[in-house]
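Colleague: I have a new model open on my screen and I would like to learn how to read it. Could you take me through it feature by feature?

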Protein chains: 2
Amino acid sequence: MRPAYSERPQLVVEPVARLIEEFSRLPGIGPKTASRLTFFLLRAEPELAHGLAQALHDLKDQVRLCQRCFNITVEEFCPICLEPSRDQSVICVVEEPLDLLAIERTGAYRGLYHVLHGHIAPLDGVYREHLKIDELIARLRTEAVDEVILATNPNTEGEATAYLILKDLVPLGVRATRLARGLPTGGDLEWADIDTLGAALEGRREL
Amino acid sequence: MRPAYSERPQLVVEPVARLIEEFSRLPGIGPKTASRLTFFLLRAEPELAHGLAQALHDLKDQVRLCQRCFNITVEEFCPICLEPSRDQSVICVVEEPLDLLAIERTGAYRGLYHVLHGHIAPLDGVYREHLKIDELIARLRTEAVDEVILATNPNTEGEATAYLILKDLVPLGVRATRLARGLPTGGDLEWADIDTLGAALEGRREL
C-alpha cells in the first residue's frame, strides 16, 4: 500500500510517519495526499495543526445525538426539534445528518426529521437493529404524525431500508411517501441513465 | 466560499462547523471534502479523531530541523547526517524535505543533503534570507565538499534559486551540477512539451 514510505522507513521520522498514517485512514485520502498534508503542516504556523487537533477533540467530546430525532447536536435536542415553528405532523427519514442538511438547504421543507444513521447492508453487518428504526416507531406511537417521508438514498440500500420501514408503518396507519425520481434539473436527457429516464417516464406529470 | 454552511449556520452545530472550517484550511481540501471528512469522523470510533489529534500535536512538538542539513528530524541531527557510510564530499541541495525523500527513493544517491525550505519567490515575499542559503555556504567553508548538486525544481523559481546559489559557489571553487533535463522515462516523445523536448535534444548523449 505505501511503498514510498515503507521502503526506507528510517528516513521519515516517527511523528511525520504517524501523521501520514493517521491522515491515510480518512476516506478519499491516499498516502500521497496524506504526505502532502503532513509536510504542509510541518511548514505552516503551529496554530494550524493545534487548531485542527483541538477541533477534532471537541467534535468527539461535545457533539451528541438529539434525543428525539438523532440529528447531531450539542444540547439534549437538536436545533430543528427546538424550533417551535416546524410542522410537527411530518417526519422526513434520512440516512445521515448530511442528508438532513441537504434537504434543509432546499428551503422546501418545514417539518421534522429522523436520522437513521446508516442503511441496511447485511454484507457489511449492518442490520435493522443498528439503525434508529425502533426509535422512529416509538416516536410515531407518541407523536401526532400524519406523514413519514422516506428520504433514504435512491439506490439499492436506500430502497431496501425504505421498504423495511414501510412494513412497520402499515400497521400504524401512517401515510408514507418517497421522494420523486426523475431527471435532475439542469441535466441533459441524452445523458440520463436508463433507470433515471425510466423513472422520469413512469412518474410523468400532467401540465 | 461556503454557501452550503453559511446559509443556515444555526443548523450545523459549532464543533462540527469548526472542524469543517479547520479541514478547509488544508491545501486541496475544499468545503465539500472538509464536511465529508468531519461527518465521517463523527460516525467513526473516537480513537480515530483522537489519534489524528495526537499525531498533529506530536508533529509540531517533536519534529525539528537537522542542525546541519535542515532536513526534518526528532534529534539534533537527521538520520542521513547520522549515517557514517554516506559520501561526505557531495551535497545535494533540495527545496523541501519531500524532495529529499524522492531522491532517496531512487537509491541512486549516497551523499549528503541540504534543505533550503523553499525557493526564491519575490512576488510571495520569499527572498534569499528566507532560505537556508547562508547555512549552505557556511557548511561549504567548514566541510570538505567537492560537489554541490543543485536539485531545485526544474521550473522558473527552482532555476532562479539554483542560479542565485551558483553565484555564491563560484568564489568558493566548489563544483556545481544540476540534475539532467530530458524526456521522462516511460513517456511518449509525441506528447513531450517543447521545453522538455528541447532540453532532451540539447542534452543528448553519445551511445
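Modeller: Happily; we will go through the contact between chains, the salt bridges, one pocket and a few single residues. Please keep in mind that this is a predicted model.

Colleague: Let us begin with the two chains. How many residues does each chain bring to the contact?

Modeller: Chain A brings 61 residues and chain B brings 61 residues. Together they bury an area of about 5700 Å². Carbon and sulfur atoms give 73% of that area. On the chain B side, Leu11(B), Leu56(B) and Lys60(B) supply 12% of what that chain buries against chain A, more than any other three residues.

Colleague: Which residues of helix H2 of chain B are buried?

Modeller: Here the idea is a cut-off: a residue is called buried when its relative accessible area is under 20%. In H2 of chain B, residues 14-24, the buried ones are Pro15(B), Val16(B), Leu19(B), Ile20(B), Glu22(B), Phe23(B) and Ser24(B). Their cover includes parts of both chains: H4 and strand S2 of chain A, and H3 and H4 of chain B.

Colleague: There are charged residues here too. How should I think about salt bridges?

Modeller: Side chains of opposite charge can pair when their charged atoms come close. Over all chains, the count here is 26 salt bridges. Between chain B and chain A there are 4 salt bridges.

Colleague: Can you show me a pair that crosses between chains?

Modeller: Try Asp58(B) and Arg18(A), whose closest N and O atoms are 2.6 Å apart. The pair runs from helix H4 of chain B to helix H2 of chain A. Asp58(B) is buried, at 12% relative accessible area, whereas Arg18(A) is partly exposed, at 23%.

Colleague: And what about a pair inside chain B?

Modeller: Look at Arg86(B) and Glu104(B), which form a salt bridge with an N to O distance of 2.7 Å. This pair links distant parts of the chain, 18 residues apart. Arg86(B) sits in the loop between strands S2 and S3 of chain B, and Glu104(B) sits in helix H5 of chain B. Arg86(B) counts as buried because its relative accessibility is 2%, under the 20% cut-off. Glu104(B), at 3%, counts as buried too.

Colleague: Which residues are joined into one network by salt bridges that share partners?

Modeller: Glu14(A), Arg18(A) and Asp58(B) are joined in this way. You have already met Arg18(A) and Asp58(B) as a pair.

Colleague: You listed Glu22(B) among the buried residues of H2. What is its salt-bridge partner?

Modeller: Glu22(B) pairs with Arg25(B), with 3.5 Å between the closest N and O atoms. Glu22(B) has a relative accessible area of 11% and is buried, while Arg25(B) is partly exposed at 44%.

Colleague: Now the second largest pocket. What should I look at there?

Modeller: Start with the space and then read the walls. The second largest pocket holds about 360 Å³ of space. Its lining has 18 residues, and those nearest the centre are Glu96(A), His117(A), Phe39(B), Leu42(B) and Arg43(B). H3 of chain B gives the largest share of the lining, 5 residues. Helix H4, strand S1 and helix H5 of chain A, along with H3 of chain B, each supply at least two residues. By type, the lining divides into 10 nonpolar, 1 polar and 7 charged residues.

Colleague: How do I read the surroundings of a single residue, say Ile72(A)?

Modeller: Find its element, then its burial, then its contacts. Ile72(A) is in strand S2 of chain A and is buried, at 5% relative accessibility. Beyond its neighbours within four places in sequence, its contacts include Val63(A), Leu65(A) and Pro97(A) from chain A, and Val13(B), Val16(B), Phe39(B) and Leu42(B) from chain B. The C-alpha atoms of Ile72(A) and Glu96(A) are 9.7 Å apart, although 24 residues separate the two along the chain.

Colleague: Last, the backbone. Where does Phe70(A) lie, and what is its phi?

Modeller: Phe70(A) lies in the loop between S1 and S2 of chain A. Its phi is positive, about 65°, although Phe70(A) is not a glycine. Phe70(A) is buried, at 13% relative accessibility. In chain B, Phe70(B) lies in the loop between S1 and S2, and its phi is near 65°. Phe70(B) is buried, with a relative accessible area of 13%.

Technical notes
Residues numbered from 1 in each chain as written. Chains lettered and ligands numbered in written order. Predicted model: local features only at pLDDT ≥ 70, side-chain atom pairs only at ≥ 80, totals over all residues. Heavy atoms only, no water. 1 Å grid on protein atoms, 1.4 Å probe; cavity = no way out; pocket = protein on both sides within 12 Å on 5 of 7 lines; lining within 4 Å. Points joined across faces, edges and corners; volume = space filled by probe spheres on them. Helix = DSSP H or I, 4+ residues; strand = E, 2+ residues; numbered from the N terminus. Nonpolar A, V, L, I, M, F, W, Y, C, P; charged D, E, K, R; others polar. Buried < 20%, exposed > 50% of the residue type's maximum accessible area, 1.4 Å probe, protein only. Contact = heavy atoms within 4.5 Å. Buried area = accessible area lost by both parts, 1.4 Å probe. Salt bridge = Lys/Arg side-chain N within 4 Å of Asp/Glu carboxyl O.
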